[in-house]
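Reader: I would like to go through this model term by term. Please justify each label as we reach it.

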Amino acid sequence: MKESELERILVSEVKKIGGKAYKWVSPGNDGVPDRIVFFPGGTVCFVELKTDNGRLSAQQKIQHKVLADLGQEVIVIRGMNGLIDFLRQTGWSYRADCLAKRYQKEVMP
């Protein structure tokens, strides 16, 4: 699955639970995470999306460390399994289960 498709699904799933997943573009700051995710209830995290085999660039690693050093949560989601795990870990198991069923062939070989 392409990173752009995974990103589209993340935005859609976060919206379904009443949250927002804003695209983050920061001129002059290459390597910032793809999305800032706001969940109902006040949880906020920065999300980097990668394909199953995608790698972080050196600049992304630097930017992620800067944010982490500021006490911010930066999560790297790898592929559909990673997105499903992310939803479970953030307390949205129902959405994770729905997503797993929809993409069962890709998730469960």
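**Labels and their grounds**

Author: We begin with a helix pair in this predicted model. Leu 6, Ile 9, Leu 10 and Glu 13 of helix 1 meet Gly 79, Met 80, Leu 83, Phe 86 and Leu 87 of helix 3.

Reader: What makes these residues a contact?
Author: The cut-off is heavy atoms within 4.5 Å. The listed residues of helix 1 and helix 3 meet on that criterion. By class, the contact has seven nonpolar, one polar and one charged residues.

Reader: Why is one residue in the contact of helix 1 with helix 3 called polar?
Author: Gly is counted among the polar residues. Gly 79 is in the list for helix 3, so Gly 79 takes the polar place.

Reader: How do you describe the direction of helix 1 relative to helix 3, parallel or antiparallel?
Author: The two pack at an angle of about 20°, with their axes 10 Å apart. Angles under 35 degrees count as roughly parallel. Helix 1 is therefore roughly parallel to helix 3. The crossing is right-handed.

Reader: Why are helix 1 and helix 4 called oblique?
Author: Helix 1 (residues 3–16) and helix 4 (residues 93–102) cross at roughly 140°, and their axes come within 11 Å. Roughly antiparallel needs an angle over 145, and roughly perpendicular covers 65 to 115. The crossing angle of roughly 140° fits neither, so the pair is oblique. This crossing is right-handed.

Reader: Which residues make the contact of helix 1 with helix 4?
Author: Helix 1 gives Ile 9, Glu 13 and Lys 16, and helix 4 gives Arg 95, Leu 99 and Arg 102. By class, there are two nonpolar, no polar and four charged residues. Glu, Lys and Arg count as charged.

Reader: Now the sheet. What makes strand 1 and strand 4 edge strands?
Author: The sheet is open, with four strands in the order 1-2-3-4 and mixed pairing. Strand 1 and strand 4 (74–78) each have a single partner strand, so one side of each has no neighbour in the sheet. The twist averages 30° from one strand to the next.

Reader: How do you know that strand 1 and strand 2 pair?
Author: Pairing needs at least two bridges. Strand 1 and strand 2 (residues 35–38) have four, in the antiparallel sense. One bridge joins Lys 23 to Arg 35 of strand 2. As for packing on the sheet, helix 3 touches strand 3 (44–50) and strand 4, and its direction makes about 135° with that of strand 4.

Reader: Is Ile 17 buried or exposed, and how do you know?
Author: Buried means under 20% relative accessible area. Ile 17 has 13%, so Ile 17 is buried. Its place is in the loop between helix 1 and strand 1 (20–23). Beyond its neighbours up to four places away in sequence, Ile 17 touches Phe 39, Pro 40, Trp 92 and Arg 95. Ile 17 and Phe 39 are 22 residues apart in sequence, yet 7.8 Å apart in space, C-alpha to C-alpha.

Reader: What makes Gly 54 count as buried?
Author: Its relative accessibility is 18%, and the limit is under 20%. Gly 54 therefore counts as buried. Gly 54 lies in the loop between strand 3 and helix 2 (58–69).

Reader: Which residues of helix 3 are buried?
Author: In helix 3 (residues 79–89), they are Gly 79, Met 80, Gly 82, Leu 83, Ile 84, Phe 86 and Leu 87. Gly 91 follows helix 3, with a positive phi near 95°.

Methods:
Residues numbered from 1 in each chain as written. Predicted model: local features only at pLDDT ≥ 70, side-chain atom pairs only at ≥ 80, totals over all residues. Heavy atoms only, no water. Axes fitted to C-alpha atoms, helices over the stretch in contact; angles between N-to-C directions. Left-handed = near helix turned anticlockwise from the far one by under 90°. Buried < 20%, exposed > 50% of the residue type's maximum accessible area, 1.4 Å probe, protein only.
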